[in-house]
Amino acid sequence: MNELINMSVGDAGMTAILGYLVVFSGLVLLMFVVMLVGKVMTSKAKAEPVPAAPAVEKTPEPAPGAAGELKLYDTDPRDAAMIMAIVADALGKPINELRFISIKEVKDDEV
C-alpha cells in the first residue's frame, strides 16, 4: 500500500493508460462476440424456410367484443359515441358487452 502512495506521476499515468487499454480491449472483444453471435443467429433464421401463408381472401371479421353494425339516424357519430359511453357507464358494464342496433335523434316536434 505504501508503494501506491509514493507513486510518481509517470507511474500513475502508465497505470491509468494500462487500465484504460484493458477496459477498452475487453469492450472491443465483447463487441466482436456480440456481432458474431448475431451473424450466427441471422444465418440460422435464413436457413429455416418460413412456410408461405395461403392466399385466401376472407371477409374481415369484427373485432373481439364488437356487436356488428350500428345505424345512425340524424345523429353525429361523435354524439352516438358519447351516448353509448354514458349508457355503458350508467349500466356499469363494459361497452363491448352491450349491443347498440341504432341511434336516432328525437326532435322536439316528434315527442
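In the predicted model, residue D74 is located in the loop that links strand 1 (71–73) to helix 3. The phi angle of D74 lies near 55°, a positive value in a residue that is not glycine. With a relative accessibility of 55%, D74 counts as exposed, because the cut-off for that class is over 50%.

The loop that contains D74 belongs to a protein with three helices and two strands. Read from the N terminus, the order of these elements is α-α-β-α-β. Confidence in the prediction, expressed as mean pLDDT, is 81 for the protein, and 74% of the residues reach 70 or more. Among the elements, helix 2 has the highest mean pLDDT, at 92, whereas the lowest, 66, belongs to helix 1 (residues 2–5). Where pLDDT is low, the predicted coordinates should not be read in detail.

Of the 111 residues of the protein, 6% count as buried. The exposed area of the protein amounts to about 10,200 Å², of which 66% is supplied by carbon and sulfur atoms. Among contacts with a separation of 6 or more, 58% are accounted for by residues 24 or more positions apart.

The largest nonpolar core consists of six residues, namely A80, M84, A88, L98, F100 and I103. Three residues of this core come from helix 3 (residues 77–91), which gives the most to it. One member of the core, M84, is in contact with L70, I95, F100 and I103 when its neighbours within four places in sequence are left aside. Two of these partners, F100 and I103, are themselves part of the core.

F100 is also touched by E69, which in addition touches I101, residues up to four places away in sequence not being counted. E69 is situated in the loop between helix 2 and strand 1. The relative accessible area of E69 is 69%, so this residue is classed as exposed, the cut-off being over 50%. A further pairing across the sequence involves E69 and S102: these residues are 33 residues apart along the chain, and their C-alpha atoms are separated by 8.5 Å.

A nonpolar patch is present on the surface, formed by Y20, V23, F24, L27, L30 and V34. Together, the residues of this patch have about 640 Å² of accessible area. V23, one of its members, is placed in helix 2 (residues 9–47). V23 has a relative accessible area of 48% and is therefore partly exposed, since buried means under 20% and exposed over 50%. The helix that holds V23 is the element with the highest mean pLDDT.

Methods: Residues numbered from 1 in each chain as written. Predicted model: local features only at pLDDT ≥ 70, side-chain atom pairs only at ≥ 80, totals over all residues. Heavy atoms only, no water. Patch = residues over 30% accessible without salt bridge, like charges linked within 9 Å, V, L, I, M, F, W, Y side chains within 5 Å. Areas by Shrake-Rupley, 256 points an atom, 1.4 Å probe, with all protein chains shown as cover. Salt bridge = Lys/Arg side-chain N within 4 Å of Asp/Glu carboxyl O. Helix = DSSP H or I, 4+ residues; strand = E, 2+ residues; numbered from the N terminus. Buried < 20%, exposed > 50% of the residue type's maximum accessible area, 1.4 Å probe, protein only. Core = buried A, V, L, I, M, F, W, Y, C linked by side-chain atoms within 4.5 Å. Contact = heavy atoms within 4.5 Å. pLDDT = per-residue confidence, 0-100.
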